[in-house]
Amino acid sequence: MAGSIPPLHGPRYAQISGWGMAVPEKVVSNADLARTVDTNDEWIVSHTGIKERRVAGDKESTFSLAVRAAREALLVAGLQPSRLDLVIVATVTPEYFFPSTACLVQDAIGAAFAGAYDLSAGCSGFVYALNQAASAVRSGSAEHVLVIGSETLTRIIDWSDRNSCVLFGDGAGAVVVSACAERCGIMASVLGSDGSGGDLLIVPGGGSRTPPSHEMVDRGDQFLKMNGREVYRFAATVMPRATEAAVHKAGWQLADLSLIIPHQANARIIDAAIKRLNLPSDRFFINIDRYGNTSSASIPIALCEAIAAGRVNQGDRMVFVGFGAGLTWAAAAVEWGVPEPTKPRPWYLRWVAEIWYFLAGVRSVARRTERHFYDRVMGPEGADGVRGELRQRTDRLRLKIAGSTQRSTQPKPPKSLPAPPPPKQDPPNDDHGNTPPK
Ligand SMILES: CC(C)(COP(=O)(O)OP(=O)(O)OC[C@H]1O[C@@H](n2cnc3c(N)ncnc32)[C@H](O)[C@@H]1OP(=O)(O)O)[C@@H](O)C(=O)NCCC(=O)NCCS
């Protein structure tokens, strides 16, 4: 849980203080898929390990799943959203091109003092975001960062393409990364990329290269395209390598690891990594059978389930390792710092949180309404007369209020400091622009 904040100049670490997940209710089994495409349960299980996946309903989206996971994570951390400094959403299926999904989440949870942005690094996105959160916390630029992996991949899948539609599912997972003084948390990360493999896993249409058009849609370029065999080969090589690199960077041995949480893309890829790393298979957490590949949500979802299953204890050394579109890969070496995490939070805290989120909603609506009606009520900018005067005064007041809602992270200078001397002025130029000699 998020504890007291360590001083900026002492030892400072970044630990996971809260976690949460959200998946859609709708379950689509292999048998369900076999009714619409030429596939069968036996092929899917033997080639991927997937038995079923979750698919977002009409009213669900990357944003709504992200908010649900975020609320759970904040509850576990016991952290008021207003104490967040940063919200990062790792996703390849954002709500919109812009605004970022992170900004929508920031508004929905009432994280009034947080910066927010999306991060796109394929299925490695969550580990990339975790690395950024840890860096921000360790450097002192943030105390608490909300990291979310949220995806609705089923929205960009061609449901008639059996090569890809059996693999993916929807969901979200979130963690709160908080500053702490004890040596624990995210101890090392490695990030990698190889853009030469960008075409192996791609949504070719809809971006600036091929903007939306009837022809683009007729070709089906708005859907995910994948060279399964090449991606498999890449993943099976890079996953053990990234795991070893993170362990090495943290100064640990592979044998120190009590748990590895790999990106859940294919059970066979995980099996290949197990063989390559020569570790007992029970050190790997696998839940792909129930969710399929949820891209950047897969690792935080697996983390939540591993914690719920009692597989994570204080002092445990773990690795989170992901790979995906880009091509990208990433691994984080994490020493678990939270004592006995499984105690449920008291019921009334849920109610307090509900009230907070209700008020966050009211705040959001109030701001939108104010923005909508301000010009109409106050009159246009630069107008003359009483209305113009009133508008100017109100504009100044709004600016003042906006300024006062910025939380300052800069320490205030001590009052006893002498006033700085006035800046030296250069002698004026003569009529020809030359500076006269001193
Ligand atoms: C996609 C993947 C499961 C395919 O497994 P594979 O063993 O490589 O299978 P192949 O592509 O060689 O296809 C073998 C046969 O199965 C068929 N097949 C493919 N999908 C099928 C399905 N859902 N049901 C039944 N048959 C299928 C192919 O058409 C092919 O038939 P053919 O030999 O008559 O042409 C595998 O390549 C993989 O997991 N790749 C990595 C994908 C991934 O993880 N992507 C996300 C990364 S973040």
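These are my notes on a helix, a sheet and a ligand shell in a predicted model.

**Ground rules.** Residues are numbered from 1 along each chain as its sequence is written. Since I have a predicted model, local features need pLDDT of at least 70 and side-chain atom pairs count only at pLDDT 80 or more, while totals for chains, interfaces and linings use all residues. My helices (H or I, at least four residues) and strands (E, at least two) are DSSP runs, numbered from the N terminus.

**Helix H12.** I checked the length of H12 (residues 347-378): at 1.5 Å a residue its 32 residues should span 46 Å, and the end C-alpha atoms sit 45 Å apart, which agrees. The expected span is 1.5 Å times one less than the number of residues. I found zero buried residues in H12 (buried means 20 or more other C-beta atoms within 10 Å of its own, with C-beta atoms placed from the backbone). Just after H12, Gly379 has a positive phi of about 85 degrees.

**Sheet.** I traced an open, mixed sheet of four strands in the order S8-S13-S12-S11. Its edge strands are S8 (185-193) and S11 (259-262), each pairing on one side only. Pairing takes at least two DSSP bridges between two strands. S8 runs antiparallel to S13 (residues 328-335) over eight bridges, and Ile186 has Val334 in S13 as its bridge partner.

**Ligand.** Which residues are closest to the ligand? I got Thr39, Gly228, Tyr232, Ala265 and Gly324, out of 20 that surround the ligand (C-beta atom, placed from the backbone, within 6 Å). H8 gives the most to this shell, with five residues.

Terms used: Buried ≥ 20, exposed ≤ 12 C-beta atoms within 10 Å, placed from the backbone.
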